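Trainee: I would like to go through this structure one question at a time. Please show it first.

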Amino acid sequence: MIKSKHVIGYVELIITKNNYYCITEFANGGSLQNLLNIYKRFPEKIARKILKQIIAGCTDMYNVQVMHRDLKLDNILIHFPDRDNFVKITNDELKKIDLMKEKFVVKIADLGFAREIEDESNKRRFTYVGSPLLMPPEQLSTRWDDKTDGYDYKIDVWALGGIFY
């Protein structure tokens, strides 16, 4: 389990006869993609603050040997801790928030493609998962039947470049 203030927290898994429900902590600001759609562009100071928090979350994941494999704006959530923790902030309200003044926490979410790196000999992956626009060349050229190349956690670093851009 990843314990980080910058990675969405796992609360509970509910298993029914037909479904699995993974309950996670709530981020009241929605996705970073939605926030960017509202603001169109972040000031450099805010972009740096966001990127530092994403890097902190990635570092916490790597410290427990986990690579995300699908980092993108839609999979990064934002939480405003000084606001109601149980109510999603509407787009109209988000437009009024001054990101320079209001405290926020960025959280990496959607760990559905994340994989644990068990040991040194098992660091490379060969599956084609994630969002093609943020995939690095080594992942795009990986074939599951050719176990010579593959990719490792550095694909998340490539995705960070695309996110920051």
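Trainee: In which loop does Asp 110 lie?

Mentor: The model is predicted, and the answers below describe that model. Asp 110 is partly exposed, at 45% relative accessibility. As for its place in the chain, Asp 110 lies in the loop between E5 and E6.

Trainee: What is the phi of Asp 110 near?

Mentor: Most residues other than glycine have a negative phi. Asp 110 is a residue other than glycine, yet its phi is positive. The value for Asp 110 is near 50°.

Trainee: Gln 65 also has a positive phi. Is Gln 65 buried, partly exposed or exposed?

Mentor: Gln 65 is found in the loop between H2 and strand E3 (66–67), and its phi is near 60°. Buried means under 20% relative accessible area and exposed means over 50%. Gln 65 has a relative accessible area of 32%, so it counts as partly exposed.

Trainee: What pattern do the helices and strands follow along the sequence?

Mentor: The protein chain has five helices and six strands. Read along the sequence, with α for a helix and β for a strand, the pattern is β-β-α-α-β-β-α-β-β-α-α.

Trainee: What percentage of the residues in the protein chain is buried?

Mentor: The cut-off for a buried residue is under 20% relative accessible area. The protein chain has 165 residues, and the buried share of them is 39%.

Trainee: Which residue of E2 is the bridge partner of Ile 14?

Mentor: Strand E1 (residues 10–15) and E2 run antiparallel, joined by five bridges. A hairpin of four residues connects E1 to E2. Within this pairing, the partner of Ile 14 in E2 is Tyr 21.

Trainee: Which residue of E5 is the bridge partner of His 79?

Mentor: Strand E4 (residues 76–79) pairs with E5 in the antiparallel sense, over four bridges. In E5, Val 105 and Lys 107 point one way, Val 106 and Ile 108 point the other way, and all are buried. The bridge partner of His 79 is Val 105.

Trainee: How far apart are the end C-alpha atoms of H2?

Mentor: H2 has 20 residues, and at 1.5 Å a residue they should span 28 Å. The count for the span is one less than the number of residues. The end C-alpha atoms agree with the expected span, at 28 Å apart.

Trainee: Within what arc do the buried residues of H2 fall?

Mentor: The buried residues of H2 are Ile 46, Ala 47, Ile 50, Leu 51, Gln 53, Ile 54, Gly 57, Cys 58 and Met 61. Seen down the axis of H2, these buried residues line one face of the helix, because they fall within an arc of 160°.

Trainee: Which exposed residues are on the face of H2 turned away from its buried side?

Mentor: The buried side of H2 includes Ile 46 and Met 61. The face turned away from that side carries the exposed residues Glu 44, Lys 45, Lys 52 and Asn 63.

Trainee: How far apart in space are Gln 53 and Phe 104?

Mentor: Gln 53 is found in helix H2 and is buried, with a relative accessible area of 9%. In sequence, Gln 53 and Phe 104 are 51 residues apart. Their C-alpha to C-alpha distance is 10.0 Å.

Trainee: Which residues lie nearest the centre of the largest pocket?

Mentor: The largest pocket holds about 350 Å³ of space. Strand E2 (20–24) and strand E6 (115–116) are the elements that give two or more residues to its lining. By class, the lining has ten nonpolar, two polar and two charged residues. Of the 14 lining residues, those nearest the centre are Met 1, Ile 2, Ile 8, Tyr 10 and Leu 111.

Trainee: Which helix gives the largest share of the lining of the second largest pocket?

Mentor: The second largest pocket holds about 260 Å³ of space. Helix H1 (32–39), helix H2 (44–63) and helix H5 (154–164) each supply at least two residues of its lining. The largest share is three residues, and the helix that gives them is H2.

Trainee: What separation do the C-alpha atoms of Tyr 165 and Ala 47 have?

Mentor: Tyr 165 and Ala 47 are among the residues that line the second largest pocket. Tyr 165 is in the segment after H5 and is exposed, with a relative accessible area of 88%. The two residues are 118 residues apart along the chain, and their C-alpha atoms are separated by 9.6 Å.

Terms used:
Residues are numbered from 1 along each chain as its sequence is written. This is a predicted model: local features need pLDDT of at least 70, side-chain atom pairs count only at pLDDT 80 or more; totals for chains, interfaces and linings use all residues. Side-chain values use heavy atoms; hydrogens and water are left out. Buried means under 20% relative accessible area, exposed over 50%, partly exposed in between (1.4 Å probe, protein chains only). Two strands pair if DSSP finds at least two bridges between them. On a 1 Å grid over the protein atoms alone, a cavity is a set of points where a 1.4 Å probe fits but cannot get out, and a pocket is an open set with protein on both sides within 12 Å along at least five of seven lines; lining residues have an atom within 4 Å of a point. Grid points are joined across faces, edges and corners, and a volume is the space filled by probe spheres set on the points. Ala, Val, Leu, Ile, Met, Phe, Trp, Tyr, Cys and Pro count as nonpolar, Asp, Glu, Lys and Arg as charged, and the others, Gly among them, as polar. The arc is that of the directions from the helix axis to the C-beta atoms.
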